[in-house]
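Reader: I have a model open and some labels to check. Take me through the reasons behind them.

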Amino acid sequence: MQWSEEGIVLGVRRHGETSAIAELMTRQRGRHLGLVRGGAGPRLQAVLQPGNRVAATWRARLDEHLGNYTVEGVRLRAGALLSRPHALYGVVHLAALARLLPERDPHPAVHDSLDAILDHIADPRLAGVLVARFEVLMLAELGFGLDLDTCAVTGTAADLVYVSPKSGRAVSRAAGAPWHDRLLPLPAVLAGEAPVGAVAATGEALAQAFRTTGYFLGRHVFEPRGLPLPDARAHFVAALTRTSPAACCNAESQGGISAVR
């Protein structure tokens, strides 16, 4: 068995004296592990860093075997992120979310979104918006997609400002007004009503976005597994706040770090 494809490094762990097991997110074969001989050595350590894009060839006698990777760097992003704590935590958080997907199960939309985010994650003006939208995508890929296009009550597509915590559907301002204190916010960051750059520096919108995505990730994904939301998510939002307060002000106090329970 053999195949070749580019992939994004999600993680790596040492195996023996000189080898490593690399975890890649590929477009056609999903999250896929393999042994890299010499992967713990200095030549390949810089290549096998989370966030990097590599060209990989996988070989094994049988498809169900772990198999061996040979890898070559294609886009080495990790070095540029070392001085940006929010980006480092963001990469760890993105990998933790991708790791929720079954191994070797293709999710091309996740791969493509990851690749696009990693090209811009060093920019704190964009990182928060991109990661929040990725969380919405992951909910959909895991079978818990949010319906944010039309109001659950009236069917209108205008003035959608709430999300029902029960159904995950959008609610318009007028329809949700009587129950506004029981509904989650729906900022344009999540609704996709504005380009990323237009909302990237809006602190309130970003805080609301993480509050809403955190609620559904906790309720549908992590709590059923007996797990809390990843620590890297909290560290990412906190680091983003320190790096660019205008881009994520009040995120912690409004639930951006821990999910609404």
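Author: Start with pairing: two strands pair if DSSP finds at least two bridges between them. This is a predicted model.

Reader: What makes β4 and β5 (residues 68-75) a pair?

Author: Seven bridges join β4 and β5. The cut-off is at least two bridges, so they count as paired. The sense is antiparallel. One position to look at is Ala55, which stands opposite Glu72 in β5.

Reader: How do you know that β1 pairs with β4 (residues 53-59) and with β2 (residues 19-26)?

Author: Apply the rule of at least two bridges again. β1 and β4 pair over seven bridges, in the antiparallel sense. Ser4 stands opposite Thr57 in β4. Eight bridges join β1 to β2, and these strands also run antiparallel. Here Gly7 stands opposite Thr26 in β2. Both bridge counts satisfy the cut-off, so both are pairs. In the hairpin of β1 and β2, three residues lie between the strands, and Gly16 takes a positive phi near 75°.

Reader: Which strands close into a barrel, and in what order?

Author: Five strands close, in the order β1-β2-β3-β5-β4. The pairing in the barrel is mixed. Neighbouring strands are turned by 45° against each other on average, direction ignored. Helix α4 packs on this sheet and touches β1, β2, β4 and β5. The direction of α4 makes about 65° with that of β1.

Reader: Why are α4 and α5 called roughly antiparallel?

Author: α4 and α5 (residues 124-141) pack at an angle of about 170°. Angles over 145 degrees count as roughly antiparallel. α4 and α5 are therefore roughly antiparallel. Their axes are 10 Å apart. On the α4 side, the contact includes Val110, Leu114 and Ile117. On the α5 side, it includes Leu130, Phe134 and Leu137. By class, this contact has nine nonpolar, two polar and one charged residues.

Reader: And why are α3 and α5 called roughly parallel?

Author: Their angle is about 10°. Angles under 35 degrees count as roughly parallel. α3 and α5 therefore carry that label. The axes of α3 and α5 are 11 Å apart. Residues of α3 in the contact include His93, Leu94 and Leu97. They meet residues of α5, among them Val131, Phe134 and Met138. The contact of α3 with α5 has eight nonpolar, two polar and one charged residues.

Reader: How many cavities of 30 Å³ or more does the structure hold, and what lines the largest?

Author: One cavity of 30 Å³ or more. About 50 Å³ of space lies in the largest cavity. Its lining is Ile8, Val9, Leu10, Gly51, Val91, Leu94, Ala95, Leu114 and Leu118. β1 (2-15), α3 (85-98) and α4 (108-120) each supply at least two of these residues.

Reader: What makes one residue of that lining polar?

Author: The lining has eight nonpolar, one polar and no charged residues. Gly51 is in the lining. Gly counts as polar in this classification, so Gly51 is the polar one.

Reader: What makes β7 (170-172) and β8 (184-185) edge strands?

Author: Each pairs on one side only. The sheet is open and has three strands, in the order β7-β6-β8. Its pairing is antiparallel. Three bridges join β6 (residues 160-163) to β7. The cut-off is at least two, so β6 and β7 are a pair. Within it, the bridge partner of Tyr162 is Val171 in β7.

How values were computed. Residues numbered from 1 in each chain as written. Predicted model: local features only at pLDDT ≥ 70, side-chain atom pairs only at ≥ 80, totals over all residues. Heavy atoms only, no water. 1 Å grid on protein atoms, 1.4 Å probe; cavity = no way out; pocket = protein on both sides within 12 Å on 5 of 7 lines; lining within 4 Å. Points joined across faces, edges and corners; volume = space filled by probe spheres on them. Helix = DSSP H or I, 4+ residues; strand = E, 2+ residues; numbered from the N terminus. Axes fitted to C-alpha atoms, helices over the stretch in contact; angles between N-to-C directions. Parallel < 35°, antiparallel > 145°, perpendicular 65-115°, else oblique. Contact = heavy atoms within 4.5 Å.
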